[in-house]
Amino acid sequence: MASLLCPTPSTLQQNPRSPRFVPLKLASRTDLSIINRFKRNPARCNAFLGNVQEDLLKNTLHLEQFPVIRFGFWQFQRVTGELSEMQKWGFLVFAGLTWIYLTARPGVLVGAIDAYLLAPLQLGLDSLSGKRSLNTSDFVIGQKLGEGNFGIVYSGAIVPKNVAAETKVQKRGRRNALQLDERVKEKVILKKVKIGIQGAEECGELEEWFNYRLSRAAPEACAEFLGSFVAEETTSQFTKGGKWLVWKFEGDRNLADYMKDRNFPLNLEPIMFGRVLQGVDSVERNALIIKQVMRQIVTSLKKIHDTGIVHRDVKPANLVVTKRGKIKLIDFGAATDLRIGKNYVPKLGLLDPDYCPPELYVLPEETPSPPPEPIAAFFSPILWQLNSPDLFDMYSAGIVLLQMAIPTLRSTAGLKNFNLEIRTLGYDLNKWRENTRSRPGFTILDLDSGRGWDLASKLISERGFLRRGRISAAAALRHPYFLLGGDQAVAVLSKLSLTKN
Ligand SMILES: Nc1ncnc2c1ncn2[C@@H]1O[C@H](COP(=O)(O)OP(=O)(O)OP(=O)(O)O)[C@@H](O)[C@H]1O
């Protein structure tokens with residue numbers, strides 16, 4: 001950068017030692033008249049050029065010109081001033097190792113910045129923008145979408161300030177459906193935390209905490225969180241004191257809904273790739289769509305694992321498909337943040353048994369309850385290195401891959417049968433292939449010399465030495481299955497052709 005900068009003649013005229021620089025292009029234009037004057041006086045010109053040369057030699061690429069670096073050097077010299085060469089090296093090695101430790105997964109340093117700087121900043125900004133002062137009159141509730149142990153999920157919409165909410169709900173068919181008129185446009189998802197159920201309130205608090213945390217750490221990996229509110233009065237739709245969490249409505253269907261369709265995965269083709277796959281052989285088309293879905297799942301998992309979070313409930317119903325063909329993780333009620341031990345309770349397995357890895361728990365059963373957050377954060381890189389808790393989610397991701405690629409495993413009965421068989425075969429996918437009584441189709445996974453099968457067998461496996469053995473999200477993205485991915489090329493081409501149209 002410094003070599004692109006040059007002192008201007010005018011600057012040097014005022015003060016030839018001035019460290020001020022302006023870009024070369026500007027210098028040559030602004031000072032053309034001065035140069036012309038120099039042309040008429042060669043002696044003065046030589047003296048000037050001498051100054052310029054000297055100045056350039058002195059200033060070009062001299063990093064200590066930059067105040068931060070100068071300050072850093074000064075600090076280093078001050079601290080190490082009285083140390084011997086050996087001690088200075090020791091100091092440097094210690095500083096380097098500390099840096100590696102603080103930035104190693106799950107990132108103690110970034111975590112501290114997030115907790116002590118970004119979280120309060122987000123709270124302040126949200127309060128200023130009114131995001132933290134949502135209330136019942138801002139929303140209208142539509143149909144029920146699902147019910148978990150601790151909450152009930154509804155579709156809904158944001159009501160503009162000048163519109164009365166009651167006018168927006170109309171009876172359509174047997175259910176309350178949202179009649180979205182011109183004024184009520186933005187659809188949302190609302191989760192009502194159950195009242196009077198043990199642990200429900202705590203679960204709601206945790207889910208809210210995880211959603212705020214992810215909105216800072218990995219916003220593109222999960223549904224956009226809009227905030228929460230407590231109903232201040234009882235109306236036809238709300239009960240006083242009830243807590244609600246609100247997300248942006250990301251899409252009509254989740255991956256499980258798409259997989260129920262006989263046409264899967266081709267039913268995802270229009271939103272994933274537009275029309276560009278027409279003309280490609282149908283097996284190839286299926287394989288490309290599945291690879292694109294899987295790539296997105298693994299990429300999102302990598303993002304949340306990088307921040308120390310393990311989802312613990314990865315399954316097709318918790319992967320919502322957006323209108324633009326993006327797959328987003330939802331339902332962080334069972335997630336745990338192993339950077340600070342949030343929502344980690346020893347021996348508490350929360351996962352859906354159909355997607356649960358053989359180890360059952362995210363950390364070994366003998367792991368004690370987490371200490372206070374700063375201490376847990378300090379030890380988290382060691383905990384992560386020793387236990388690789390992220391591999392818990394990777395097993396579930398492997399089951400999702402198998403289900404997408406092998407149609408017989410998409411039904412509840414088919415998946416339960418698979419789980420019985422794989423358990424008796426010691427979670428060895430190759431043995432399962434040789435021994436299964438069902439007749440699964442392996443065509444998609446066997447394409448390209450069986451790269452898909454190889455990845456699946458590295459995801460669906462027991463933990464090995466040091467609880468490794470299963471492939472992590474980062475390693476999965478480097479697996480030959482994803483390298484040179486035609487799915488990426490097709491996705492880019494489709495975007496280009498869509499923007500042209
Ligand atoms: N942001 C969103 N955009 C679109 N749909 C969503 C969104 N969040 C949730 N849904 C839909 O609502 C359903 C239920 O959501 P969620 O899994 O969070 O609820 P839950 O009560 O924890 O249910 P369960 O415990 O059965 O998984 C999802 O399967 C999905 O179809």
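This report looks at the ligand site and at Glu232 in a predicted model.

## About the model

Local features need pLDDT of at least 70 and side-chain atom pairs count only at pLDDT 80 or more, while totals for chains, interfaces and linings use all residues. Residues are numbered from 1 along each chain as its sequence is written, and side-chain values use heavy atoms, leaving out hydrogens and water.

## Around the ligand

Let's start with the shell: 19 residues surround the ligand, and Lys248, Glu250, Asn254, Ala317 and Asp331 come nearest (near means a heavy atom within 4 Å). Nine residues of the shell are nonpolar, five polar and five charged. At least two shell residues come from each of β3 (139–147), β4 (151–158), β7 (187–193) and β9 (243–248); strands here are DSSP E runs of at least two residues. Because domain 2 (134–248) and domain 3 (255–500) both give residues to the shell, the ligand lies between them.

For Glu250, a backbone N or O atom sits 2.9 Å from a ligand nitrogen atom. In the side chain of Asp331, an N or O atom is 2.9 Å from an oxygen atom of the ligand. The protein covers 83% of the 620 Å² of accessible area that the ligand has on its own (Shrake-Rupley method, 1.4 Å probe).

## A look at Glu232

Now to the loop between β8 (225–230) and β9, where Glu232 is found. Glu232 counts as partly exposed because its relative accessibility is 42%, with the partly exposed class falling between buried (under 20%) and exposed (over 50%), using a 1.4 Å probe and protein chains only.

Leaving aside neighbours within four places in sequence, Glu232 is in contact with Asn135, Thr136 and Lys240 (heavy atoms within 4.5 Å). Val246 is 14 residues from Glu232 in sequence, and their C-alpha atoms are 16 Å apart.

Notes. Polar contact = N/O pair within 3.5 Å; in protein donor to acceptor, adjacent residues only side chain to side chain. Helix = DSSP H or I, 4+ residues; strand = E, 2+ residues; numbered from the N terminus. Nonpolar A, V, L, I, M, F, W, Y, C, P; charged D, E, K, R; others polar. Domains from an automatic or database assignment.
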